Amino acid sequence: MNVEVLAERAIAGDEDSFITLIEGMQERIYRMAFSYVRNKDEALEIVQETVYKAYISIHKLQQPQYFATWLTRIAVNCALDHIRKSQKIIYMEKEPEGSYVPGQKEEIIDLHEALDGLDEKSRMVIVMRYFEDLPLKDIAEILEQPLSSVKSVLYRGLEKLKINLEESEHLG
């Protein structure tokens with residue numbers, strides 16, 4: 001069954017349709033949440049909060065074809081709310097034993113530190129574009145911004161990211 005039909009049914013109050021839609025999106029929501037907080041438990045909390053908020057407000061969704069965009073926007077807002085509320089140090093996820101590749105872990109840490117050096121909007125756009133592989137058009141809809149603004153934020157953010165990475169390379 002297609003997403004739009006399921007969304008229409010969910011809006012009308014069909015819980016099974018809502019569950020099916022969420023099951024299809026839960027991994028994407030988790031990855032997005034994890035990219036913001038870099039902690040499994042906190043990412044799961046964000047997913048749970050996202051699903052709860054979506055469930056109690058599904059009846060407000062006016063265009064069923066935008067279910068994925070609507071849910072992603074809720075997830076991003078939940079992640080940002082979580083970060084604002086916790087205001088604590090973000091720890092890197094521990095790597096399993098034996099998975100160390102020389103230089104890889106350091107590069108990942110450098111990338112995350114460089115991302116943390118960006119403003120919230122730039123970091124958000126870069127994460128959605130390159131970590132979640134969302135098209136720029138979808139990012140513009142999620143952020144409720146014109147496509148040209150999203151492109152500008154992305155390119156400025158990438159330039160800042162490049163500078164931050166080069167600085168960390170020179171220091172290290």
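A salt bridge is a side-chain nitrogen of Lys or Arg within 4 Å of a carboxyl oxygen of Asp or Glu. A search of the whole structure finds nine salt bridges. The model you are looking at is predicted: local features need pLDDT (the predictor's confidence in each residue, from 0 to 100) of at least 70, side-chain atom pairs count only at pLDDT 80 or more, and totals for chains, interfaces and linings use all residues. Residues are numbered from 1 along each chain as its sequence is written, and side-chain values use heavy atoms, with hydrogens and water left out.

**Exercise 1. Find out how many helices and strands the protein has, and where confidence is lowest and highest.**

Step 1. Helices (H or I, at least four residues) and strands (E, at least two) are DSSP runs, numbered from the N terminus. The protein has eight helices and zero strands.

Step 2. Mean pLDDT is 83 for the protein, and 83% of its residues reach 70 or more. Helix α5 has the lowest confidence, with a mean of 68, while α3 has the highest, at 95.

Step 3. Take care with residues 88-102, where pLDDT stays under 50.

**Exercise 2. Work out which elements the buried residues of α4 pack against.**

Step 1. Helix α4 covers residues 67-86 and reaches 28 Å from its first C-alpha to its last. That is close to the 28 Å expected at 1.5 Å a residue, where the expected span is 1.5 Å times one less than the number of residues.

Step 2. Buried means under 20% relative accessible area, exposed over 50%, and partly exposed in between (1.4 Å probe, protein chains only). The buried residues of α4 include F67, W70, L71 and V76.

Step 3. Contact means heavy atoms within 4.5 Å. The buried residues of α4 pack against α1 (3-11), α2 (15-37), α3 (40-57), α6 (120-131) and α7 (136-143).

Step 4. For one example, look at V76: beyond its neighbours within four places in sequence, V76 is in contact with M32, Y36, M124, M128 and I142.

Step 5. A nonpolar core is a set of buried Ala, Val, Leu, Ile, Met, Phe, Trp, Tyr and Cys residues joined through side-chain atoms within 4.5 Å. The largest one has 45 residues, and Y36, F67, W70, L71, V76, M128 and I139 touch the most other members. Two or more residues of this core come from each of α1, α2, α3, α4, α5, α6, α7 and α8 (147-171).

**Exercise 3. Trace which residues are linked with R84 in a network of salt bridges.**

Step 1. Recall the general idea: side chains of opposite charge can pair when their charged atoms come close.

Step 2. Start with D81 and R84, whose side chains meet in a salt bridge at 3.1 Å, N to O. Both lie in helix α4, three residues apart, about one turn of the helix. D81 is partly exposed at 29% relative accessibility, and R84 is partly exposed at 43%.

Step 3. Now move on to E120: R84 forms a salt bridge with E120, with the closest N and O atoms 3.2 Å apart. This pair links distant parts of the chain, as R84 is in α4 and E120 is in α6, 36 residues apart. E120 is partly exposed, with a relative accessible area of 33%.

Step 4. Put the pieces together: E49, K53, D81, R84 and E120 are linked in a network of salt bridges.
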